[in-house]
Structures are given as structure tokens and as C-alpha cells.
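I opened this notebook to keep track of what I looked up, beginning with confidence and then turning to how the chains meet.

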Amino acid sequence: MKLSSLFLIAAALATAGVAAAKNIQLLNVSYDPTRELYTDFNRAFAAHWEAKTGDVVTVKQSHGGSGKQARSVIDGLPADVVTLALAGDVDALHANGRLIPADWQQRLPHNSAPYTSTIVFLVRAGNPRGIKDWDDLAKPGVSVITPNPKTSGGAQWNYLAAWEFARRKLGGDEAAKVFVRTLYKNVPVLDSGARGSTTTFVQRGIGDVFISWENEAFLALKEFGPDKFEIVVPSLSILAEPTVTVVDKVVKKKGTAEVARAYLEYLYSEEGQDIAGRHFYRPAVSAKAKAKYAAQFPQVELFTIGEAFGGWAQAKKTHFADGGTFDQIYAP
Amino acid sequence: MAGPTTTSLAVKSAQAAGPRTIRNPWWVRVAFMTIAFAFVAFFLVLPLAAVFGEALRKGVGAFFLAFADPDALSAIKLTLTTAAIAVPANLVFGVAASWCIAKFDFRGKSILTTLIDLPFAVSPVISGLIYVLVFGAQGWYGQYLNAEAPWFPALQAWLIAQDFKIIFAVPGIVLATIFVTFPFVARELIPLMQAQGSDEEYAALTLGANGWQTFWYVTLPNIKWGLFYGVILCNARAMGEFGAVSVVSGHIRGETNTMPLHVEILYNEYNFVAAFAVSSLLALLALVTLVLKSFIEWQHTRSRSLKASES
């Protein structure tokens with residue numbers, strides 16, 4: 001055992017030696033809709049880091065449903081940083097395999113959520129079904145597109161937003177469960193990630209309404225034009241806080257701890273916040289970026305996962321674990 | 001020997017069937033031909049034309065721009081590398097397996113034959129998942145790397161020092177591809193070798209040839225066309241495989257994305273021209289495969305009829 005740990009140290013030193021050279025490679029494992037955001041941000045960070053240290057950083061990207069991506073990192077995908085859709089998926093890296101410490105969320109400002117988002121509806125131009133709020137989604141004959149909460153972070157936000165809306169309007173969890181069950185009866189297909197659902201709704205033309213990340217809805221408008229789709233803002237929605245963290249076990253092995261931390265911290269810089277705003281994510285810390293992009297985001301009453309569901313650990317256990325409410329209400 | 005006999009039989013039966021076919025009413029033939037052609041046009045030609053149409057929609061410049069992207073180049077390179085490893089591996093395995101199945105009798109032969117078909121029977125997603133379970137950080141391989149007192153500590157130390165990764169890296173992609181394409185060569189050769197029997201090999205052995213000479217001068221020339229055909233099919237599938245590779249790839253752009261995975265990414269990013277451009281390259285590879293296949297079939301029939309006329 002002594003010998004093998006010696007070898008471990010030697011290996012760590014060897015890789016650290018390589019990393020200290022001019023070319024650094026990071027892997028950012030992210031969720032589905034952040035492709036365009038991180039393509040831009042990686043470029044900005046590479047320029048910043050080269051100006052500061054002279055080292056060239058290449059950040060590789062991997063995208064997919066948030067839960068699925070967390071699973072891949074646990075199975076050995078060597079992510080230096082993860083930038084996932086929700087804290088619950090990042091928690092899984094601690095619970096399975098101890099890749100990060102339990103207090104990971106305290107390591108960066110704003111609970112490790114450099115940008116926030118919310119959930120809105122995307123409908124076809126002219127809103128032919130007259131969708132205005134969550135209760136319109138549970139009406140008979142309305143076809144709703146949303147991804148699978150078992151694999152997609154966005155889908156869990158969607159599910160919880162619908163649940164909370166019903167709980168407040170109809171009073172109580174039992175009524176909410178009935179409401180969500182009726183809503184999910186209207187879902188013809190559950191894709192594994194948010195981008196898959198966007199494709200289903202936008203390109204395959206399936207469904208009347210798509211419960212979507214705000215940024216994803218804006219992106220669809222931008223790509224296909226406002227003559228094809230409209231955004232409908234519900235009366236109540238959830239404050240979605242996508243969270244980021246360095247994967248300690250991987251960066252320790254690769255010797256990339258410093259640059260990986262700097263990469264995430266740069267998300268909180270003026271430039272990082274501005275890039276987030278440009279890609280329709282709500283900047284979380286910079287007052288300047290907040291003011292600059294305030295006009296593009298609709299005003300909507302937002303509640304947080306903490307106040308409505310007692311945090312992610314609790315919400316996951318009640319709703320998305322095996323035998324949770326989602327398993328009880330959804331029969332394909 | 002088997003060749004001429006079957007050919008002459010086939011010729012005879014064709015002659016016997018000839019007049020009967022001609023006597024079928026014309027409308028039956030027209031109906032069948034219309035159905036066949038309409039089906040082919042609708043399900044094969046139309047989508048293929050659509051792929052090329054979409055790829056060239058914004059002009060040739062945009063088409064070639066898709067291949068200037070370093071991620072696309074890396075995907076093409078990875079696909080070619082994977083096929084370059086998987087196909088020869090399955091060539092060797094296929095010949096070895098069909099040789100022992102067709103020419104020898106042993107216990108468990110039918111089990112081996114069934115096992116070869118296994119990759120056809122299981123879903124590609126499962127094929128990918130088994131490698132994640134075996135080689136993932138939480139799987140056997142990961143447990144071995146983390147073991148306090150492993151078997152062969154030197155091997156463990158070496159693997160750690162090399163930072164040797166299997167899944168979410170090229171080895172995993174190659175493994176999954178080998179698994180999925182594993183039956184193609186063997187499936188092509190087994191019936192062929194069984195039909196040919198072992199008479200020629202026995203003759204060679206009695207004339208004093210050793211095992212290797214028998215294989216090289218007798219068996220191989222007999223199976224060469226079937227072998228080519230199997231290799232071509234194997235290659236086509238190796239390049240086009242999506243499901244199994246998707247599970248073990250980890251989707252790192254510019255590193256572990258193969259061409260089919262790259263097409264999906266481009267399509268999901270609203271980059272339709274590039275997506276269809278890369279698809280059209282895959283389609284072109286398939287077309288080349290088909291042309292090669294037809295050529296080989298033609299060569300095969302020609303060599304057969306030459307043999308027949310010689311004897």
C-alpha cells in the first residue's frame with residue numbers, strides 16, 4: 001500500500017509537471033443549454049488567462065442532460081469543473097465517489113451560482129391554444145413538451161415550479177400531486193435533456209407548449225425568429241440556480257486546481273457576467289450586467305427551492321428518487 | 001469443386017423457371033416493379049437527396065466550412081482510427097471463429113455460434129453500458145485502481161502512472177465498436193465455409209502441405225470474397241455506430257466525439273448546414289461501401305463462372 005501511494009504521488013507530480021508547462025487543458029462538463037454560453041466564455045477566459053500568466057488554456061466542453069452528466073463524472077469522465085443545472089446534481093458528486101467535499105457550495109459567491117434563470121413557456125406564434133399560466137397546461141387536449149426529470153435538471157425545475165404553483169393555488173400537496181399528474185398526462189414524449197426537448201418542439205413541431213429554460217426559449221426565438229414562436233411568462237415561476245464547482249479529485253490528479261478555480265471565479269467577473277447576460281442567463285452578482293440586461297428579462301414572481309421545498313436534498317428525496325412523487329404520477 | 005456444381009444447378013433451375021416467369025401476366029410484373037421502385041425512392045433515395053440538398057443549401061463554401069472546424073476534423077479522425085482498429089480486430093477474430101466452427105467439431109460449438117450473434121441481439125445502448133459498468137470509476141476497473149491491496153500492484157501502479165483511461169476515452173470507444181461489429185465477418189464466413197466443407201483442406205494435407213500453407217493457399221482463396229464482403233459491412237457499421245459509442249464517449253468535443261455524435265451535436269445547435277455536411281460525408285462513405293460491395297459481388301460471380309467454364 002505504501003508503494004502504491006508513493007506511485008500515486010509520483011504520478012500526481014508528473015502530471016503536475018506537465019500542467020505547469022505552457023499548454024493547459026481543462027474539461028468543463030456542463031448541462032444541455034449552455035453550449036453557446038461556454039463556447040463564448042471559454043474564449044474570453046483563455047484570453048484573460050494568457051494575458052495574466054502567459055499560459056494557453058484550452059477548455060473542452062461536454063454537454064448533456066444534467067443528471068446524466070453528473071453520472072458520467074461519477075463513472076470517471078475527468079471533469080476539472082462541472083457547471084450543472086442544479087445543486088442537487090452536483091451533490092451527487094459528493095454522495096457517490098466523494099469527488100468533492102460536502103461544503104462545496106460555500107466555496108464560491110452566491111451559493112456557487114454565478115447566473116440564474118427561470119422557467120417560462122414557449123408557444124407557437126399567435127398562441128393558438130391561449131396558454132397563459134400553469135393551469136392551462138393541464139387542460140385536456142393541450143400537448144406539453146418537457147424533458148425527463150430523471151435525467152434532466154431543467155425538467156426538475158419545471159416539475160417543481162408546476163407543483164408549487166398548484167400547491168399555492170389549490171392548497172396542499174395532495175391537490176398539487178393531482179394537478180401535476182394531469183399535466184404529465186399531456187406530455188407525449190420525455191427527452192433526456194433540455195436541448196432534445198427544444199428540438200422536439202421547435203424542429204419536429206410536436207406539442208403546443210414547451211416548458212423551457214428562459215435562456216433556451218430566447219435562443220429558439222433568436223434562431224428561428226419571433227414570427228414562429230412566442231414566450232409566455234406564467235404568474236409564478238422558480239428561481240433556477242445552476243451551480244458550478246471544481247472537481248477536487250480530478251484537479252488534484254491533473255494538477256489543474258489553480259486554473260480551474262480561476263476559471264469558475266471568472267464567471268463572477270464583469271466580463272463573465274456580461275457574457276452570461278448576452279446568452280440570456282440572469283447575471284447573479286454584477287450590478288452593471290444586471291442593469292444592462294434588465295430589460296430583456298420579463299418580470300415574474302419567483303420563489304426559491306429553499307423556501308418552497310427545503311432545498312435540493314429534500315426535493316430530490318420527495319420527488320425524484322425511486323418511488324418519489326414523479327414515479328407515482330408518471331405512467332408512460 | 002462446390003462452385004461449378006452449384007452454378008450449373010443454378011443455371012438449370014433458372015432455365016426451368018424462365019418460361020414460367022415470362023408467362024406471368026404483365027400487370028403483375030408492373031405492379032411489383034412499381035412497388036419496389038416506389039419503396040426504394042421513398043425510403044432511400046429521397047432522404048439521401050435531402051441530406052445532400054440540406055448540406056449544399058447555403059452553397060459549396062458553407063459545405064466545406066463544416067470540415068474546417070477542428071472539432072469536425074477530430075471527429076473524422078477518431079471515426080477513422082476506431083474503424084482502423086475495430087475492423088482488423090474483427091477480421092482476425094471472424095476468420096478464427098468461423099474456421100474452428102466450420103472445420104472442426106467440438107463441445108460447446110453451438111454455444112459459441114450463438115454467442116457470436118449476441119451483439120446483434122442486444123441493444124447498442126446495453127453494449128455501451130456494460131463497458132461503463134465494467135470499466136467505469138465505480139466499476140471493476142475503478143475499484144481495482146482504488147484498491148488498497150490489489151492483485152499485481154505493479155500493474156495498478158503502472159495504470160495509475162499512465163493515467164490509463166478506458167471509458168470516456170478512445171479505448172472505450174474502440175471496445176464498444178468492436179463489440180457491436182463483432183458478428184459481421186464471422187456471420188458472413190461461417191455458412192460459406194460450412195458449405196465448402198473440408199475436402200480441399202484434407203486433400204492439401206495429404207499432399208504434404210502444413211497447416212499454414214493449407215490456410216493460405218486453399219482456405220483463404222476460397223473464402224476471399226465472403227471475407228471482403230464481411231469486412232465492408234463491418235467497416236460500415238463501425239463508422240456509423242451511434243448508440244453504444246454515445247454511452248461510453250462522454251461527449252468531449254474535439255476529443256471523444258465520433259462523426260455520428262458530432263452530427264447530433266451540430267444538429268442540436270441549430271447548425272443544420274454543418275450537420276448535414278458531416279452526414280453527407282458519412283452517406284458518401286456508405287455509398288462507396290455499396291459500390292465496393294457491388295464490385296466484389298460482380299467479381300465473385302465472374303470468377304465463379306470463369307472457374308465453371310474452365311472445368
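Confidence. I noted before anything else that this is a predicted model, and I found that chain A averages a pLDDT of 90, with 93% of its residues scoring at least 70. I then marked residues 13-21 of chain A, over which the pLDDT is below 50, and wrote down that this stretch has eight contacts in the model beyond near neighbours in sequence.

Extent of the interface. I looked up how the two chains touch and found 25 residues of chain B in contact with 33 residues of chain A. The area buried between chain B and chain A came out at about 2,500 Å², and carbon and sulfur atoms give 57% of that area. I also asked which three residues of chain B supply more than any other three of the area that chain B buries against chain A; they are Phe168(B), Arg253(B) and Tyr270(B), which together supply 27%.

Polar and charged pairs. I counted two salt bridges between chain B and chain A, and one of them joins the side chains of Glu269(B) and Arg35(A), at 3.3 Å from N to O. For polar contacts between chain B and chain A, I recorded eleven residue pairs, both residues being at pLDDT 80 or more.

The chain B side. I checked which elements give two or more residues to the side of chain B that touches chain A, and these are helix 8 (153-162) and helix 14 (259-268) of chain B. Helix 8 of chain B gives the most, with four residues. Sorting the residues of this side by character, I noted twelve nonpolar, seven polar and six charged.

Key:
Residues are numbered from 1 along each chain as its sequence is written. Chains are lettered from A and ligands numbered from 1 in the order in which they are written. Side-chain values use heavy atoms; hydrogens and water are left out. pLDDT is the predictor's confidence in each residue, from 0 to 100. Contact means heavy atoms within 4.5 Å. Buried area is the accessible area (1.4 Å probe) that two parts lose on being put together, summed over both. A salt bridge is a side-chain nitrogen of Lys or Arg within 4 Å of a carboxyl oxygen of Asp or Glu. A polar contact is a pair of N or O atoms within 3.5 Å; within protein, one must be able to donate a hydrogen and the other to accept it, and residues adjacent in sequence count only if both atoms are side-chain atoms. Ala, Val, Leu, Ile, Met, Phe, Trp, Tyr, Cys and Pro count as nonpolar, Asp, Glu, Lys and Arg as charged, and the others, Gly among them, as polar.
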